[in-house]
Amino acid sequence: MPKRFYITTPIYYVNSVPHVGTTLTTVICDIIARYRKMRGDEVKFLTGTDENGLKIMEAAEKQGLAPQALVDKISQQFVEIFGAMNVAYDDFIRTTEPRHIRAAQEFFRVLKEKGHIYLGTYEGWYDVSTETFFKEADLVDGKSPDGNDVTWVSEENYFFRLSAFEQPLLDYIENTPGFLQPETRKNEVVSFIKQGLRDMCITRSNPGWGIPVPGDNSRVIYVWFDALINYIAGTGWPDAGYENIWPADVHYMAKEIFTRFHATLWPAMLMGMELPLPKTVIAHGWFNFGDTKMSKSKGNVIAPLELAAEIVEKSGCAHPQSVDAVRWSLATLLPYEGDTNFTREEVDKRYNVDLANDLGNALNRTLSMAHKFVGGVVPDVAPEPEAIEAIRQVKIAFEQAMQDFRIHQAADSALSVVRFLNKYIDTRAPWNLAKNNDPALPAVLRSMLQCLRATEALIRPIMPWTADALAEQLNHLPLAGWDGLDQTNTLLAGTKLGEPKPLFPRMEPPKPAPKPEKPAQPAKPKAPEPPAEIAIDDFMKIKLRVGRVLEAEPIQGSDKLLKLQVMIGEEKRQIVAGIKANYTPVDLIGRQVIVLANLKPVTLRGVESQGMLLAATDENGGAILLQPDREAPEGTGVK
Ligand code: MSP
């Protein structure tokens, strides 16, 4: 049986419900797990909750609950929120489960038997909020280095001989490239170890909550010591068969629990057990909110599902797309090396720029043009080599980024197919090919559709529901597996394509508060009649240009207006036109128009209009657009 690709998130404290910060690592690991599954790997993706420790006891006391009742309640909320975020974990471990308790006690027993655990007296400071021991010399103004309150502990306890692993750890890190990532954090670990490792107190006197030390009910195992063991408990250890899963391929977490715990203590514990070490331990930075880390204790958290609901409210997109938009933000804003300020403005920007504009336009233009120019079916021709090469390059870049666990870069690569497609449409100009009966037209349309098919696969690990929606609009089953991504046989010639439906309607800026009612105004004076004669100089003030409509979409909430992107020479203009009653977006894409190009911009329904289209007025007041009698280069002056 091939060994499974095994990926883990930290297990989360159940003293508070998940927020965008705690959801980040789990969604990032979900993206990696989904990608590996698409590649055909057997994957085990483990997440879960950390339920022992004083922190939890205190939280339960504060809420007037028994610890078990609190952990059951909050752990269930993690399950529900991760489910709602479409996280497809394979296993969810709780440290109050028998399989974990058994593994933790056995681990302790074997380490003790091997001489790595001894009884001694502990005197020092304890920070309940991070469940960490500190020496007097570590304190800053009487608090932990993170600024938390500490309490004095003086007890007879068990110690883990961490000091004995100083050199073996340094040797292992040096000889195992890629073990600790990214490189900058690896260097921090090396200096931390080089400062000297002290033996670690790994038990506390039993407060009535926690995993008892085997054979000694008066003490419980220190919560960090038990928590780390979850990773191997999740494989079934100590029962046979765990070797099909262990060692983990990736432990992913944020930086605050990397150096001391995941990159030092845990590998030392495994060395003591003579068990193989995880292949990669990797830490990302923090999502900050303002200047501080987003965390429940700071009261500055954003709940992922509330964020999704806000997106629905602001854009009108469907619920699955709003969840995908949150996942997209988590992926693109991943603080890989530094920290990121996670704000609603940034989320809205990613939504509008990446999803509504880049992805939305590519989808809308491709399907609209396929309907307009090739009968709404997949053309029975090969795509152009240029497009296939672009897809191939993106696939390579995406794979490399995933290999390096740089999920933000993978997301960017996924979108680069869409950016290629939008540019390809502009340069290959299918409307010109159609007008000139150019035989290249079907291959160009096929290339455009092929780019969408590749996009479906590339975004799937990040936005699975949107990938399904894209496949549905292409009227194909979801692309099976990863390898088909750059193949040309993944679209069935002759298949009737779906109608383009915007998946991510643009978020419009918030409407200004309604103005207080004004007293009745006198009727507006009618626009003055133009003078009977004007001088040619007056006419020359008007800049008229030939333009080409590249994109067209309705404006939400308006039954008159369409929003157009119009090319005038090298320049792209956004124009809002009151022509919805007479033209559909599909009628307009590719059409030449005459633009009044030096009109002062105005904002209509919150959308800026940078020009006006010339049109005659029909008997019902509708628009009849003016168009050059024959094709003229875009940007050509009109007089
Ligand atoms: N229970 C321990 C972990 C034990 S693992 C054997 C713990 N739990 S925690 O609930 O505090 O979760 C910490 C983890 O949540 C971080 O390492 C990170 O994965 C995630 N994050 C929590 N807040 C975050 C941010 N504001 N930014 C980035 N990651 C965030 O520590």
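**Entry 1: the ligand shell**

How do the residues of the shell around the ligand divide into nonpolar, polar and charged? I looked this up first and found 15 nonpolar, 8 polar and 3 charged residues. For this division, Ala, Val, Leu, Ile, Met, Phe, Trp, Tyr, Cys and Pro count as nonpolar, Asp, Glu, Lys and Arg as charged, and the others, Gly among them, as polar.

I note that this is a predicted model, in which local features need pLDDT of at least 70 and side-chain atom pairs count only at pLDDT 80 or more, while totals for chains, interfaces and linings use all residues. Residues are numbered from 1 along each chain as its sequence is written, and side-chain values use heavy atoms, with hydrogens and water left out.

The ligand is surrounded by 26 residues, where a residue is near if one of its heavy atoms lies within 4 Å. The closest are Ile-11, Thr-25, Asp-50, Glu-256 and Phe-287. I then asked which elements supply at least two residues of the shell each. Among them are strand E1 (5-13), helix H1 (20-38) and strand E12 (250-254); helices H7 (223-228) and H8 (230-233) do so as well. Helices (H or I, at least four residues) and strands (E, at least two) are DSSP runs, numbered from the N terminus.

**Entry 2: polar atoms at the ligand**

I looked up polar contacts, which are pairs of N or O atoms within 3.5 Å. An N or O atom in the side chain of Glu-256 is 2.9 Å from an oxygen atom of the ligand. From the backbone, an N or O atom of Ala-254 lies 3.0 Å from an oxygen atom of the ligand, and a polar atom of Gly-21 is 3.3 Å from a nitrogen atom of the ligand. The ligand on its own has 670 Å² of accessible area, and the protein covers 94% of it; accessible areas come from the Shrake-Rupley method with a 1.4 Å probe, and for residues only the protein chains shown count as cover.

**Entry 3: strand E1**

Is E1 largely enclosed or left open by the rest of the structure? I found that 9 of its 9 residues are buried, so E1 is largely enclosed. Buried means under 20% relative accessible area, exposed over 50%, and partly exposed in between (1.4 Å probe, protein chains only). E1 runs parallel to strand E2 (residues 43-50), and 7 bridges join the two; Ile-7 has Phe-45 in E2 as its bridge partner. Two strands pair if DSSP finds at least two bridges between them.

**Entry 4: two open sheets**

I traced an open, antiparallel sheet of 4 strands in the order E5-E4-E6-E8. Strands E5 (132-134) and E8 (200-201) stand at its edges with a single partner strand each, so one side of each lacks a neighbour in the sheet. Strand E4 (residues 117-127) is joined to E5 by 3 bridges, and Tyr-126 has Phe-133 in E5 as its bridge partner.

Another open sheet has 3 antiparallel strands in the order E9-E11-E10. E10 and strand E11 (residues 216-221) pair over 2 bridges, one bridge partnership being that of Val-213 with Asp-216 in E11.

**Entry 5: Leu-433 and the whole chain**

I looked up Leu-433, which lies in helix H15 (residues 430-435). Leu-433 counts as buried because its relative accessibility is 7%.

For the protein chain I recorded 19 helices and 26 strands. Of its 639 residues, 54% are buried.

Note on methods:
Polar contact = N/O pair within 3.5 Å; in protein donor to acceptor, adjacent residues only side chain to side chain.
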